Amino acid sequence: RLDVHGPRLESVLGPSTLHSNQPFSYRLAVAPEDSRPTRFALLQWKYAENHLRIPLGIDATSGHGVIMGIGPSAEVELADSVDGTFYLESDQGRPGPGIPITYEQADADDPEEAYLSVLSAYLGSTLTVEIFDRDGEHLLATGGDDALVTLWNIDSGHRLRTLSGHSAAVTSMAASRDGGRLASGSGDHTVRIWDSRSGALLATLGEHRDVVTGTAFSPDGQRLATGSWDGTVRVYDTAMLAAVKTLEIGQRISMVEISSDGAFLAVAAGTMFQRGQLSVWSMADWSLRFAVELDREVTALNISATADRVAAAVGRGQVYVWDAVSGGLLAAMQGGPADTIPRLGFWPGLPRYLGGLTLTGTMFIWDTESGRLQSQKRTRLWLTSADFASDGTRLALGDSRGVVRLIAMPTTLL
């Protein structure tokens with residue numbers, strides 16, 4: 001039986017696809033307190049209750065172990081998609097909490113899929129993820145239905161700390177540019193500000209009257225913008241921890257973004273299957289730069305690193321780019337996926353390209369100058385959240401099963 005207090009896996013790195021009768025390997029990271037030279041890893045297949053028990057040698061310093069040469073056996077027949085769970089067993093043979101994995105049966109003529117790193121598992125959906133850097137470390141914050149914020153080192157795969165305090169799902173997150181502070185918005189109507197190094201709770205902001213769906217720090221860290229289903233955006237002075245401006249938008253806020261130069265704030269709003277709005281505000285005097293009324297809700301929002309363009313996804317798969325100063329429409333995507341898009345991002349170093357993800361797992365890259373789809377790829381995941389690393393080399397994906405995967409993003413996709 002499972003032991004909730006038993007040895008805990010922190011991450012699993014291995015192939016997402018495999019060919020019939022082809023060996024493959026997995027790299028597992030173990031919680032530091034559970035690191036011992038030798039353990040057993042138990043691979044439990046969810047269908048037909050098949051399982052494999054594999055010896056696992058663990059480096060006591062790094063907490064990493066490698067399982068080599070596992071191949072499909074007579075007791076594990078691969079279907080088009082097979083769900084399983086990896087557990088780490090104690091010396092008494094009791095498996096601790098597991099991490100779900102998924103294999104896809106690959107066509108021998110198709111190229112290998114990118115490796116996926118599984119960093120977390122919840123009892124519900126992973127609703128928000130945030131990649132950021134701090135003191136030379138590459139970190140990931142995750143939040144979801146369990147009302148916790150969890151910090152990970154994405155190079156080692158180890159969990160650094162878990163932050164508790166929210167009483168409802170964590171629905172949005174933002175890190176300050178130096179990575180020292182993390183803001184989390186929640187279904188409990190509050191925003192909490194954390195010290196990412198110590199895990200200390202620095203402040204609780206409770207002025208919103210509904211779910212907090214957007215959080216964004218200014219580049220200098222002196223302002224924090226929060227948006228809520230209550231139809232308001234509140235901008236706080238992070239030193240005084242007091243609201244300095246409240247914007248009455250009048251529609252449910254889905255996302256807020258502050259430009260890289262701190263000059264303006266973009267607000268996405270709307271209700272599912274109803275009309276939406278994109279508005280852009282000057283943070284110097286809070287004048288409205290421009291507002292666009294749309295026939296559907298805005299589901300994703302991003303500002304280019306050059307702070308001159310704003311991109312938004314609308315309804316089911318409509319994507320537009322506006323000039324951030326004049327509000328003039330610059331581009332509209334043609335032939336994109338007809339599905340809800342929860343995340344957009346301008347490609348670092350290649351600003352003409354805009355990347356996005358759909359709820360049903362399609363990753364796409366759009367050339368905003370030609371208006372054409374440059375690349376499209378299915379991941380076969382049901383996505384609820386995503387975030388791009390600032391250098392564009394990594395992508396974190398949260399899905400509806402509570403799993404967070406980290407994908408390396410090669411420039412060859414372009």
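# A guided tour, starting at strand β31

Begin by selecting strand β31 in this predicted model, where Tyr353, Gly355 and Leu357 point one way from the strand while Leu354 and Gly356 point the other way, and all of these residues are buried. Taken as residues 353-357, β31 is mostly covered, since five of its five residues count as buried.

Next, add the strand that comes before it in the chain. Strand β30, residues 343-346, pairs with β31 in the antiparallel sense over four bridges, and if you look for Gly345 you will find that it stands opposite Gly355 in β31. The two strands form a hairpin with six residues between them, and in the turn Gly349 has a positive phi of about 85°.

Now turn to the other partner of β31. Strand β32, residues 362-367, runs antiparallel to β31 and is joined to it by five bridges, with Leu357 standing opposite Met363 of β32. This hairpin has four residues between its strands, and here Gly361 takes a positive phi near 95°. As general background, the strands of a sheet pair through backbone hydrogen bonds, in either a parallel or an antiparallel manner.

Stay with Met363, which lies in strand β32. Is this residue buried or exposed? Met363 has a relative accessible area of 10%, and because the cut-off for a buried residue is under 20%, Met363 counts as buried. Show its surroundings and, leaving aside neighbours within four places in sequence, you will find Met363 in contact with Gly356, Leu357, Ser375, Gln376, Lys377, Thr379, Leu395 and Met409. You can also draw a distance from the C-alpha atom of Met363 to that of Arg378, which is 15 residues away along the chain, and the separation comes to 6.2 Å.

Move now to strand β20, residues 232-237, where six of the six residues are buried, so the strand is largely enclosed by the rest of the structure. Colour its two faces separately: Thr232, Arg234 and Tyr236 lie on one side, Val233, Val235 and Asp237 lie on the other, and both sides are covered.

With β20 still selected, which strands pair with it? Strand β19, residues 223-228, pairs with β20 in the antiparallel sense over five bridges, whereas strand β21, residues 242-248, pairs with β20, again in the antiparallel sense, over six bridges. Val235 is a useful residue to centre on, for it stands opposite Ala225 and also opposite Lys245 in β21. The hairpin of β19 and β20 has three residues between the strands, and Gly231 takes a positive phi near 85° there, while the hairpin of β20 and β21 has four residues between the strands, with Leu241 taking a positive phi near 55°.

The next stop is an open sheet of four strands, which you can select in the order β22-β23-β24-β25 and whose pairing is antiparallel. The edges are formed by β22 (253-258) and β25 (288-294), each of which has a single partner strand, so one side of each is left without a neighbour in the sheet. From one strand to the next, the twist averages 10°. At the β22 edge, five bridges connect β22 with β23, residues 264-270, in the antiparallel sense, and the bridge partner of Ile253 in β23 is Ala269.

From the sheet, go on to the largest nonpolar core, which has 19 residues, and in which Phe264, Leu301, Val310 and Trp322 touch the most other members. The elements that give two or more residues to this core are β23, β24 (276-282), β25, β26 (298-303), β27 (309-314) and β28 (318-323). Centre the view on Trp322 and show what lies around it: apart from residues up to four places away in sequence, Trp322 touches several residues, including Leu278, Phe290, Val292, Leu294, Val310, Ala312, Leu329 and Leu330. Elsewhere there is a second, separate core of 18 residues, which includes Leu9, Phe86, Ile99 and Val118. In soluble globular proteins, nonpolar side chains tend to be buried together.

Finally, show the whole chain again. Its secondary structure comes to zero helices and 36 strands, and buried residues make up 56% of its 414 residues. Among contacts in the chain with a separation of 6 or more, 46% are between residues 24 or more positions apart. If you switch on the surface, the accessible area comes to about 17200 Å², and 49% of this belongs to carbon and sulfur atoms.

Key:
Residues numbered from 1 in each chain as written. Predicted model: local features only at pLDDT ≥ 70, side-chain atom pairs only at ≥ 80, totals over all residues. Heavy atoms only, no water. Buried < 20%, exposed > 50% of the residue type's maximum accessible area, 1.4 Å probe, protein only. Pairing = 2+ DSSP bridges. Contact = heavy atoms within 4.5 Å. Areas by Shrake-Rupley, 256 points an atom, 1.4 Å probe, with all protein chains shown as cover. Axes fitted to C-alpha atoms, helices over the stretch in contact; angles between N-to-C directions. Core = buried A, V, L, I, M, F, W, Y, C linked by side-chain atoms within 4.5 Å.
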